Amino acid sequence: MNTTIASILKQLRKSARLSARQVSSELRHYGIDIAAKTLYGYESGISMPNADVFVVLCKIYQCDDPGGLQPPAPAFSQDELSLLKDYQALDPFGQELVRKVIEHEKERARLTNSLP
């Protein structure tokens, strides 16, 4: 299963402040009998809910648009945020130059890491 979907399901349940047991109980109101253990399987990527279960989970978690769910934003360090601001302050020529340096360094690192 896609780990992004798994992490989103877990995040949504926790955001809704529901336990897996509570969600299992709510699912029964929709005629779906799934144990809390199965929900944990969905959240850990071991298995995937079918479309019907997924839609009901989105209702329970009060998702307005399940197709528009986004994974949690990555956490950036202050140094990374500072680099991003510096990059954004550059003109297009400077940004392109930075991209080229990064590509060069990625290739150098790839070659360095592949050496015995």
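A residue is termed exposed when its relative accessible area is over 50%, buried when that value is under 20%, and partly exposed in between. By this criterion R17 is exposed, because its relative accessible area is 75%. The structure described here is a predicted model. R17 is placed in the loop between α1 and α2, and its phi angle is near 55 degrees, a positive value in a residue other than glycine. A comparable description applies to Q62, which is situated in the loop between α4 and α5. Its phi angle is near 60 degrees, again positive in a residue that is not glycine. Q62 has a relative accessibility of 68% and therefore also counts as exposed.

The overall architecture is considered next. The secondary structure of the protein chain consists of 6 helices and 0 strands, and from the N terminus onward the order of elements is α-α-α-α-α-α. Of the 116 residues in the chain, 22% are buried. The surface exposed by the protein chain amounts to about 8700 Å², of which carbon and sulfur atoms supply 56%. Among the contacts between residues at least 6 apart in sequence, 54% join residues at least 24 apart.

The interior may be described through its nonpolar residues. In soluble globular proteins, nonpolar side chains tend to be buried together. In the present model the largest nonpolar core has 17 residues, and those with the most contacts inside it are L27, I34, L39, Y42, L57 and Y61. Helices α1, α2 (20-29), α3 and α4 (51-60) each supply at least two residues of this core. The greatest contribution is that of α4, which gives 5 residues. The surroundings of L27 illustrate the arrangement: when residues up to four places away in sequence are not counted, L27 touches I32, I34, L39, V56, L57 and I60.

Helix α3 (residues 36-44) includes A36. This residue has a relative accessible area of 21% and is therefore classed as partly exposed, since the buried class requires a value under 20%. The C-alpha atoms of A36 and A20 are separated by 4.9 Å, although the two residues are 16 residues apart along the chain. Apart from its neighbours within four places in sequence, A36 is in contact with A20, R21 and S24.

Charged side chains form a further set of interactions. A search of the whole structure identifies 6 salt bridges. In one of them, the side chains of R13 and E43 meet at an N to O distance of 2.6 Å. This pair links distant parts of the chain, with R13 in helix α1 (residues 3-15) and E43 in helix α3, 30 residues apart. Both R13 and E43 are buried.

Two salt bridges are found within helix α6. An α-helix has 3.6 residues a turn, so residues three or four places apart point the same way. E105 and R108 are 3 residues apart in helix α6 (residues 92-114) and are therefore separated by about one helical turn. The closest N and O atoms of their salt bridge are 2.8 Å apart. E105 counts as partly exposed because its relative accessibility is 33%, and R108 is likewise partly exposed, at 45%. R110 and E107 are also 3 residues apart in helix α6, so that about one helical turn separates them. In the salt bridge of R110 with E107, the closest N and O atoms lie 2.5 Å apart. The relative accessible area is 48% for R110, which is therefore partly exposed. E107 belongs to the partly exposed class because its relative accessible area is 35%.

Helix α5 was examined for its length and its exposure. At 1.5 Å a residue, the 12 residues of helix α5 (residues 78-89) should span 16 Å, and the end C-alpha atoms are 17 Å apart, which agrees with this expectation. The number of buried residues among the 12 of α5 is 0, so the helix lies largely in the open. L84 is placed in this helix α5, and its relative accessible area of 42% is the reason why it is classed as partly exposed. Together, F76, L81 and L84 make a nonpolar surface patch of about 270 Å².

Terms used
Residues numbered from 1 in each chain as written. Predicted model: local features only at pLDDT ≥ 70, side-chain atom pairs only at ≥ 80, totals over all residues. Heavy atoms only, no water. Helix = DSSP H or I, 4+ residues; strand = E, 2+ residues; numbered from the N terminus. Expected span 1.5 Å × (residues − 1). Buried < 20%, exposed > 50% of the residue type's maximum accessible area, 1.4 Å probe, protein only. Patch = residues over 30% accessible without salt bridge, like charges linked within 9 Å, V, L, I, M, F, W, Y side chains within 5 Å. Areas by Shrake-Rupley, 256 points an atom, 1.4 Å probe, with all protein chains shown as cover. Salt bridge = Lys/Arg side-chain N within 4 Å of Asp/Glu carboxyl O. Contact = heavy atoms within 4.5 Å. Core = buried A, V, L, I, M, F, W, Y, C linked by side-chain atoms within 4.5 Å.
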